[in-house]
Amino acid sequence: MRERQAAFILLTGVALALFSWTVSRLALVLLRGRPVERPFGAWRARLGDVLRFFFLQLSVARERASWHHLPIFWGFLIITLGTVELLINGVWPAFSLAHVAPRIDAAFKGVLDVTNGAVLAVIGFALWRRLARRRRLIEISGDAALILGMIAGLCLTHFLAHGLHFVAIDGVPPRFQAPPIGPAGYAATMPISAATAAIFSGTDPSTAHGVAAAAYWLHVALVLFFLNYLPYSKHIHLLGALPNILLRNRGQAGVMPQIDLEDPSRWGVGRYEQLSHKSLLDSYACTECARCSNACPAFNTDKPLNPMHLVLDLKDEMQERGELLLRLSTAGWEALKTGALDDAMPLLPQGDRELLATLQALPPLVGGRIKDETLWACTTCGACEAECPVFIEHPLKIMQMRTHLVLDQGRQPPELARMFRGLEHNQNPWGIGSDQRMDWAAGLDVPVLADTGPAEYLLWIGCAGAYDDRGQKIARALVALLQQAGVDFAVLGAEEGCTGDAARRAGNELLFQTLAESNLERLRHYDVKKILTSCPHCYHSFKHEYPQLGGNFEVWHHSQFLARLVGEGRLQPTTKLSEPLVFHDPCYLGRWNHECEAPRQLLAQTSSAGTPPGELPRHRDKSFCCGAGGARMWVEESAPRVNLERSREAVASGATVVATACPFCNVMLGDGMKELNRDDQVEVLDIAQLLARSTGAQPRPAADPST
């Protein structure tokens with residue numbers, strides 16, 4: 001007995017020491033990143049997140065195809081409790097829950113037995129799913145097979161150890177109604193182990209005892225091997241997911257952190273250690289479930305972006321580069337971190353110089369392990385982040401790497417270089433002269449702040465509303481509705497400039513801040529307090545990103561504002577629309593800003609049936625991107641095109657009107673209908689245009705100067 005206890009303590013001690021060393025190395029590699037700049041706080045709510053999204057697995061449960069993971073996970077938690085008892089009992093044989101609470105112990109043993117059986121059955125289903133169904137991105141690999149095999153082995157050795165123990169000690173009672181076996185358990189409460197005992201009922205007790213002991217030690221060995229293999233496998237997420245959920249971004253999603261442009265080391269992310277600790281923790285938390293990739297519009301149209309692989313590439317980079325970084329002295333690390341290698345190199349130890357030479361010879365993260373074209377394929381729609389069950393922020397990493405490409409490396413697609421020049425010279429991505437910014441309002445009575453003085457609302461037209469034909473129609477319809485409702489508003493006219501959303505998403509943080517400061521100067525001059533816009537991208541920038549530069553406003557998207565005006569009776573839809581209609585949720589409105597109801601309420605008011613619009617297969621926060629976000633509006637796209645994928649969905653719905661609430665979505669879906677030769681059958685209209693039809697609103701013409 002003592003020899004067994006000593007062997008158990010030695011084996012367990014070595015295994016736990018190795019596990020602790022591995023986890024500490026993983027933590028040190030992660031800590032080479034930058035501290036998280038945003039505050040955490042709200043710890044009670046964060047603990048609630050852990051309960052809901054880690055233990056209850058509510059994010060996983062959203063997808064029916066993932067339900068088989070739930071019994072595996074919950075079963076694994078119960079089995080882990082049994083493993084803890086096993087380890088304690090191995091070190092301290094006198095320990096037994098049965099001595100303190102025999103009924104609880106018997107119930108727990110029964111639950112543990114049934115759980116092992118359920119987990120074994122679901123593992124069989126998981127193997128069949130990977131081998132027989134071969135779902136995209138869900139494949140069997142050596143790593144996955146080993147993990148599933150070890151979990152199955154734990155279940156089988158559990159049954160063998162207990163079942164043969166029953167045979168060795170007491171035989172098999174009739175109909176499994178066994179009396180208590182020792183102080184530690186009850187055969188009657190463990191049906192599967194008792195059934196195992198029935199199978200081996202003819203076994204000699206001494207042989208049964210030997211097999212039970214062998215199964216016990218194999219079970220212990222599997223537990224300890226699994227523990228140490230875990231950090232090196234895809235199941236490292238069992239270690240990373242809980243802290244990642246605990247520390248997730250609970251604030252507004254989709255917001256780029258402000259960059260200190262005075263510090264060149266902050267110009268984006270070119271090396272893994274320039275990412276924050278939380279961004280790096282994302283890599284450890286990835287479950288490789290492929291939900292992000294399956295939702296990604298770029299990946300679904302054969303672009304070179306796979307969000308899951310991007311996160312895994314980052315994890316591989318951490319492992320390779322991080323091990324070298326940990327071997328640097330403090331002086332070597334500081335020199336590398338501050339970018340002062342040229343001056344510090346002669347003063348560093350020889351070992352540091354060799355390590356730094358090795359580090360510099362490694363392929364770069366951006367442009368090497370992660371290709372430029374991978375980063376430029378992203379539309380920043382946020383589908384990947386919204387689908388992730390452990391709250392990984394994929395778009396943030398992509399935009400930070402883009403910033404490195406543009407500001408530090410000067411690399412961007414030629415179309416984006418032209419867009420940047422247009423923004424720099426004329427404050428719009430098309431590069432059209434600012435003197436033409438008010439052409440959309442020709443012949444209309446549209447108040448301009450410079451002429452009329454302060455107004456309650458600044459109507460922000462945006463670049464699409466000013467320069468794109470479709471956007472101009474939306475702007476005129478919105479003006480007509482505001483005038484009909486008697487809203488006190490005005491526009492900036494030729495003084496309006498681009499908010500800089502496209503520049504920031506395309507990595508040009510310097511240009512974004514320049515445009516934003518210029519706009520803020522004008523807005524402060526006119527003492528603007530409330531902003532109304534039809535563009536979700538402008539809405540997102542004003543509401544969530546301009547506050548970084550001191551611009552705090554009450555910001556309305558026109559879907560919200562028009563729904564309010566209808567609710568107050570200031571706009572009254574009288575001509576009801578009877579055409580079959582579906583609504584396309586813009587990503588920056590529905591997914592990033594969670595506004596899905598206002599457009600639907602508005603469209604229901606204009607419908608002859610008084611019901612909400614029809615839905616496309618992917619809608620609300622699961623809406624499929626139009627392809628324009630992340631500055632992709634100005635980049636040539638190879639076939640198949642994202643907007644065509646979405647347009648085909650709309651055509652297949654049978655609707656004759658596709659409503660949207662974003663001028664860029666309007667352009668992309670309208671172009672899609674033309675390419676599909678359906679533009680004469682399916683109209684793409686903004687909700688403002690549909691409401692103007694229903695209310696009969698017409699913009700006021702400008703006064704005749706001669707009168």
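**Questions on a predicted model**

Student: Where does Arg 32 lie?

Tutor: In this predicted model, two helices frame the position of Arg 32: helix 1 covers 2–30 and helix 2 covers 43–55. Arg 32 lies in the loop between helix 1 and helix 2.

Student: Does Arg 32 count as buried or exposed, and why?

Tutor: A residue is called buried under 20% relative accessible area. The relative accessibility of Arg 32 is 18%, so Arg 32 counts as buried.

Student: Which residues does Arg 32 touch, not counting residues up to four places away in sequence?

Tutor: Residues up to four places away in sequence are set aside here. The contacts that remain are Tyr 272, Glu 273, Leu 325, Leu 326, Leu 328 and Trp 333.

Student: What is the order of the strands in the open sheet of 4 strands?

Tutor: The pairing in this open sheet is parallel. Strand 4 (489–490) and strand 6 (554–557) each pair on one side only, as edge strands. The order is therefore read from one edge strand to the other, and the sheet runs 4-3-5-6.

Student: Over how many bridges do strand 5 and strand 6 pair?

Tutor: Strand 5 spans residues 530–533 and pairs with strand 6 in the parallel sense. Within this pair, Leu 532 stands opposite Trp 556 of strand 6. The number of bridges between strand 5 and strand 6 is 4.

Student: Which helix makes a β-α-β unit with strand 5 and strand 6?

Tutor: Helix 28 (residues 558–567) lies across strand 3, strand 5 and strand 6, at about 85 degrees to strand 6. The right-handed β-α-β unit, in contrast, joins strand 5 and strand 6 with residues 536–545, which form helix 27.

Definitions and conventions
Residues numbered from 1 in each chain as written. Predicted model: local features only at pLDDT ≥ 70, side-chain atom pairs only at ≥ 80, totals over all residues. Heavy atoms only, no water. Pairing = 2+ DSSP bridges. Contact = heavy atoms within 4.5 Å. Axes fitted to C-alpha atoms, helices over the stretch in contact; angles between N-to-C directions. Right-handed = clockwise from strand over helix to strand, strands pointing away. Buried < 20%, exposed > 50% of the residue type's maximum accessible area, 1.4 Å probe, protein only.
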